[in-house]
Amino acid sequence: MLLLGFSLDETILSTIVDGFHRSHRYQIVSDAVAAGPGVDDAASYKQAVVKVIGNFAGIVESAGLIRASGKIAV
């Protein structure tokens with residue numbers, strides 16, 4: 001299952017950790033997630049949270065998904 005969205009720590013991280021403990025396996029689309037409002041250094045925050053998420057889920061980028069999708073269709 002792919003996961004993308006906002007509020008990395010409040011929604012995405014909690015969903016992934018909870019799912020991990022229930023034996024669900026997720027992949028996060030790293031360039032399709034963002035920090036929620038009120039984060040001063042959004043880029044550093046995103047990098048740190050995505051690194052933590054990597055302990056519980058796969059990390060992919062949308063370009064890789066698009067390439068994979070094209071390969072499957074051929």
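In this predicted model, strand E2, helix H2 and strand E3 form a β-α-β unit of right-handed sense. The two strands of the unit, E2 and E3, run parallel and are joined by three bridges. One residue pair can be picked out here: Val29 has Val60 of E3 as its bridge partner.

The unit sits within a chain that has three helices and three strands. Followed along the sequence, these elements give the pattern β-α-β-α-β-α. Contacts in the chain often link distant stretches of sequence: of those with a separation of 6 or more, 72% are between residues 24 or more positions apart.

Turning to the interior, 27% of the 74 residues in the protein chain are buried. In soluble globular proteins, nonpolar side chains tend to be buried together. Here, the largest nonpolar core has 11 residues: Leu8, Ile12, Leu13, Ile16, Tyr26, Ile28, Val33, Val49, Val50, Ile53 and Ala57. At least two residues of this core are supplied by each of H1, strand E2 (27-33) and H2, and H1 gives the largest share, with four residues. Two elements of the β-α-β unit, E2 and H2, are thus also contributors to the core. Leu13, one of the core residues, is a convenient place to look at the packing: setting aside residues up to four places away in sequence, Leu13 touches Leu8, Val52 and Ile53. Of these partners, Leu8 and Ile53 are listed in the core as well.

As for the outside, the accessible surface of the protein chain is about 5000 Å², and carbon and sulfur atoms account for 58% of that area.

The aromatic side chains offer one further feature, as the structure holds one aromatic pair. This pair is made by Phe20 and Phe56, whose rings are 5.3 Å apart from centre to centre, with 80 degrees between the planes. The arrangement is edge-to-face, because an angle over 60 degrees falls in that class. Phe20 belongs to helix H1 (residues 8-21), whereas Phe56 is found in the loop between helix H2 (42-53) and strand E3 (58-60), so the pair ties together parts that are 36 residues apart in sequence. Neither ring belongs to a residue that counts as buried, because burial requires a relative accessible area under 20%: Phe20 is partly exposed at 30%, and Phe56 is partly exposed too, at 24% relative accessibility. Helix H1 therefore takes part in the aromatic pair through Phe20, and H1 also supplies four residues to the largest nonpolar core.

Conventions:
Residues are numbered from 1 along each chain as its sequence is written. This is a predicted model: local features need pLDDT of at least 70, side-chain atom pairs count only at pLDDT 80 or more; totals for chains, interfaces and linings use all residues. Side-chain values use heavy atoms; hydrogens and water are left out. Rings of Phe, Tyr and Trp (its six-membered ring) pair if their centres lie within 6.5 Å; planes under 30 degrees apart count as stacked, over 60 as edge-to-face and the rest as tilted. Buried means under 20% relative accessible area, exposed over 50%, partly exposed in between (1.4 Å probe, protein chains only). Contact means heavy atoms within 4.5 Å. Accessible areas come from the Shrake-Rupley method with a 1.4 Å probe; for residues, only the protein chains shown count as cover. A nonpolar core is a set of buried Ala, Val, Leu, Ile, Met, Phe, Trp, Tyr and Cys residues joined through side-chain atoms within 4.5 Å. Two strands pair if DSSP finds at least two bridges between them. A crossover is right-handed if, with the strands pointing away from the viewer, the path from the first strand over the helix to the second runs clockwise.
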